[in-house]
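Subject: Structure for your review

Dear colleague,

Please find below the structure that I am handing over to you. My notes on it follow directly after.

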Amino acid sequence: MALLKIKKGDMVKVIAGKDKDKEGKVIAVNSKEGKVVVEGVNMLTKHTKPSATNQNGGIINKEGPIDASNVMYLHKGKTTRIGVKMDGEKKVRFAKTTGDIID
């Protein structure tokens, strides 16, 4: 898998799939599989048995992973691609539309 330019904590917009045009914060990144988990996107229902942590059991809603190619980084409210360049001795990400350094 190629280098994932999306990181945990980034604001992204879903560009494909059943949750198209939804926005959210990245909760987790799995670079090996090329998947990201975005809060409020791809909600799954899980049926759980009663346990020590969940006394009643029941139905739990949680986010499922979606492919990283289906999300785009949000920079100043607009979607943009991300590039990587050298800033002195340090590698930094930048927004391709504006050229602003992200981190």
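Aspartate 21 is located in the loop that runs between S1 and strand S2 (23-30). Please note that the model is a predicted one. Although aspartate 21 is not a glycine, its phi is positive, at about 75°. Is this residue, aspartate 21, buried or exposed? Its relative accessibility is 51%, and aspartate 21 therefore counts as exposed.

The loop between S1 and S2 also holds aspartate 19. Aspartate 19 is buried, because its relative accessible area of 11% falls under the 20% cut-off. Leaving out residues up to four places away in sequence, aspartate 19 touches Val14, Val41 and Asn42. With asparagine 42 there is a polar contact as well: a polar atom of the aspartate 19 side chain lies 2.6 Å from the backbone nitrogen of asparagine 42. These two residues are 23 residues apart along the chain, and 6.7 Å separates their C-alpha atoms.

A further non-glycine residue with a positive phi is lysine 76, at about 55°. Lysine 76 belongs to the loop between S7 and strand S8 (78-80). With a relative accessibility of 68%, lysine 76 counts as exposed.

I turn next to aspartate 10, which sits in the segment before strand S1 (11-14). Why does aspartate 10 count as buried? Its relative accessibility is 8%, and buried means under 20%. Which residues does aspartate 10 touch, if those up to four places away in sequence are not counted? They are Lys5, Gly24, Lys25, Val26, Tyr73 and Arg93. With arginine 93, the side chain of aspartate 10 forms a side-chain to side-chain polar contact of 2.9 Å. In addition, a polar atom of the aspartate 10 side chain is 2.9 Å from the backbone nitrogen of lysine 7.

Regarding the nonpolar interior, the largest nonpolar core comprises 13 residues, and those with the most contacts inside it are Ile6, Val12, Val36, Val38, Ile66 and Val71. At least two residues of this core come from each of S1, strand S3 (35-38) and strand S7 (71-75). For valine 71, the contacts beyond its neighbours within four places in sequence are Ile6, Val12, Lys13, Val14, Ile15, Val36, Val38 and Ile66.

Finally, there is a strand pair to point out. Strand S9 (residues 82-87) and strand S10 (residues 90-95) are paired in the antiparallel sense, over 6 bridges. Together S9 and S10 make a hairpin, with 2 residues between them. Glycine 88, in the turn, has a positive phi of about 75°. Aspartate 87 is placed opposite lysine 90 in S10. Strand S10 covers residues 90-95, and arginine 93, the side-chain partner of aspartate 10 noted above, falls within that range.

Yours sincerely

Notes: Residues numbered from 1 in each chain as written. Predicted model: local features only at pLDDT ≥ 70, side-chain atom pairs only at ≥ 80, totals over all residues. Heavy atoms only, no water. Pairing = 2+ DSSP bridges. Helix = DSSP H or I, 4+ residues; strand = E, 2+ residues; numbered from the N terminus. Buried < 20%, exposed > 50% of the residue type's maximum accessible area, 1.4 Å probe, protein only. Polar contact = N/O pair within 3.5 Å; in protein donor to acceptor, adjacent residues only side chain to side chain. Contact = heavy atoms within 4.5 Å. Core = buried A, V, L, I, M, F, W, Y, C linked by side-chain atoms within 4.5 Å.
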